[in-house]
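Please look at the model shown below before reading on. The paragraphs that follow lead through it step by step.

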Amino acid sequence: MHRRRALTGYSLMLAAVLALASCGGSEDATPRSTSETASGAETADQPASSPEDAEPLKVTMSADVAMRSDRRLEVTGSTNLPDDAQLLIAIKRAASGARWQERAQVQGGQFQAGPLGFGSGVPDGDYRVRVQLSEASVQPVAVRRRIGDKGEQLTGKLVKEAPHGLGQIAVYTRAFSIGSELRHSEKEEGVRYPQG
C-alpha cells in the first residue's frame, strides 16, 4: 500500500516537473519551422522559388521537323529552358485539323518527339508544329525554382498567359509544308498557312 502511494506521488511529481519545463521560455523549447523538420526537405506548402533565382529567364526555342522513311514526322529542337522542363509537342494539319501530340522533357538544352502522324504516314499539305512549356504547377520542383511558381520569371516574345489563370507559359510555333519535299516557313511566331 505504501509502495503504491509512493509510486503515485513520484508520478505526480514527474508530471508537474515536465509541465513546468514545457512552460519555460528557453530557446530549445521553441517549435521548429516546417522547413527544418525531418531531413530539412522542402515541404509541399513551401514555395519553390528562392531569391537567388529571381533573375528573369528570356525563353528561346527552336524546332525542326524531319520526315522519316515511313512518312511520319520527328520533331527535334533546342531551348534554354532548364533540364527536366515538361513540354507538349504537337503537329496539326491545316486542311483537316488532324493533330498528333507527345510529351517531352528538356535534356541538355535539347528535346525531341516522334514519330508523329498517321500509321500510314502524313499526306502532302500545310502543317504547324507547336512546342509548349507546360504550366509551372506540373513542372518538377527544380524547374519551378527557375521559372517561378506561376511562370513569373519567364520573359520574351514566346511567353503567354496560360488559360484558366495558371500563370505564364512559353509557346513556339512554326509552319511547314510537305510536298515534293518538306519545307519550313522562314517565319516562326504568328505565321499563317499559305492560301491556295
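A residue is called buried when its relative accessible area is under 20%, exposed when that area is over 50%, and partly exposed in between. The model discussed here is a predicted one. With these cut-offs, E74 counts as partly exposed because its relative accessibility is 32%.

E74 belongs to a group of charged residues. Side chains of opposite charge can pair when their charged atoms come close. The side chain of E74 meets that of R68 in a salt bridge, with 3.4 Å from N to O. R68 also forms a salt bridge with D70, where the closest N and O atoms are 2.8 Å apart. R68, D70 and E74 are thus joined in a network of salt bridges. How accessible are the other two members of the network? R68 is partly exposed, at 31% relative accessibility, and D70 is partly exposed as well, with a relative accessible area of 28%.

In the whole structure, a search finds 5 salt bridges. One of them links R144 to D149, the closest N and O atoms being 3.7 Å apart. Here the two partners fall into separate classes: R144 counts as buried because its relative accessibility is 18%, whereas D149, at 27%, counts as partly exposed.

The next residue to consider is R93, which lies in strand β4, formed by residues 86-93. Which side chain of opposite charge is nearest to R93, and how far away is it? It is that of D124, at 8.0 Å. A salt bridge requires a side-chain nitrogen of Lys or Arg within 4 Å of a carboxyl oxygen of Asp or Glu, so this distance does not qualify. R93 is therefore buried without a salt bridge. D124 nevertheless meets R93 in another way: the backbone oxygen of D124 lies 3.2 Å from a polar atom of the R93 side chain. Leaving aside residues up to four places away in sequence, R93 touches A98, P123, D124, D126 and Y127.

The last stop is L154, in strand β8, which covers residues 154-155. Is L154 buried or exposed? L154 is buried, because its relative accessible area is 3%. Residues up to four places away in sequence again being left out, the residues that L154 touches are L57, V59, L81, L133, I147, V159, Q168 and I169. One of these, L81, is 73 residues from L154 in sequence. In space, the C-alpha atoms of L154 and L81 are 9.6 Å apart.

How values were computed:
Residues numbered from 1 in each chain as written. Predicted model: local features only at pLDDT ≥ 70, side-chain atom pairs only at ≥ 80, totals over all residues. Heavy atoms only, no water. Helix = DSSP H or I, 4+ residues; strand = E, 2+ residues; numbered from the N terminus. Buried < 20%, exposed > 50% of the residue type's maximum accessible area, 1.4 Å probe, protein only. Contact = heavy atoms within 4.5 Å. Lys, Arg positive; Asp, Glu negative; His and termini not counted. Polar contact = N/O pair within 3.5 Å; in protein donor to acceptor, adjacent residues only side chain to side chain.
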